[in-house]
Amino acid sequence: MKCPYCGKINNKVIDSRLSKDGRMIRRRRECLACKRRFTTYEKLEELLPMVVKKDGRRENFSREKIISGIRKACQKRPISMTRIEEFVDALELQFQETGKKELSSTDIGERVINELRDWDEVAYVRFASVYRQFRDINEFMSELEQMLKSRQDTQAE
């Protein structure tokens, strides 16, 4: 492992710890050249399915892309990064366990949008406006009206 401070590759592991879920190892290392310490994470390389986009293109599954989209929707909202990462971890695990070689971007988007609906209405609307590609204000208003109706139905129960 290359030292992030001096660039040398000679270092030793000082401490190793397993993550809470047992899927990652955190290692504290000390560079033998500059004596500075740094942390690395070791994770099993997982085989994730390819994502089939709406236009038929295929690309590698990217948790960073999902996190980025959720973070943008949740910007300035009371949703922690930990909550987002835990959701994406669970989502990733679900997709691995299916054993499928491909999954649709629509499936990913629907799972994210359903989760955001439960978390925060503003984040949900932000994500929906991009994901559902509203072409005009009428489509946007229609989505808001459905959300308000659903909320009223829930409160009436």
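**Exercise 1.** In this predicted model, work out how β1 and β2 pair, and over how many bridges.

*Solution.* Begin with the direction of the two strands: β1 and β2 pair in the antiparallel sense, and 7 bridges connect them. Next, look at individual positions, where Leu 18 is found opposite Ile 25 in β2. Finally, follow the chain through the hairpin of β1 and β2, which has 5 residues between the strands and in which Gly 22 takes a positive phi near 75°.

**Exercise 2.** Place β3 in the sheet, and explain why β1 and β3 stand at the edges.

*Solution.* Strand β2, residues 24-31, is joined to β3 by 7 bridges, and these two strands run antiparallel. Among the facing residues, Glu 30 stands opposite Arg 37 in β3, while Arg 27 has Thr 40 of β3 as its bridge partner. In the hairpin of β2 and β3, which has 5 residues between the strands, a positive phi near 70° belongs to Lys 35. Taken together, 3 strands form an open sheet in the order β1-β2-β3, with antiparallel pairing. Because β1 (11-18) and β3 (37-43) each have a single partner strand, one side of each is left without a neighbour in the sheet. On average, neighbouring strands of this sheet are turned by 25° against each other, direction ignored.

**Exercise 3.** Determine how many disulfides the structure holds, and decide whether Cys 3 is buried or exposed.

*Solution.* The structure holds 0 disulfides. For Cys 3, the nearest cysteine sulfur is that of Cys 6, 3.8 Å away, whereas a disulfide needs two cysteine sulfur atoms within 2.5 Å. As for accessibility, residues under 20% relative accessible area are called buried, so Cys 3, at 3%, is buried. Cys 74 likewise counts as buried, at 4% relative accessibility.

Terms used
Residues are numbered from 1 along each chain as its sequence is written. This is a predicted model: local features need pLDDT of at least 70, side-chain atom pairs count only at pLDDT 80 or more; totals for chains, interfaces and linings use all residues. Side-chain values use heavy atoms; hydrogens and water are left out. Two strands pair if DSSP finds at least two bridges between them. Helices (H or I, at least four residues) and strands (E, at least two) are DSSP runs, numbered from the N terminus. Axes are lines fitted to C-alpha atoms, for helices over the stretch in contact, and angles run from 0 to 180 degrees between N-to-C directions. Buried means under 20% relative accessible area, exposed over 50%, partly exposed in between (1.4 Å probe, protein chains only).
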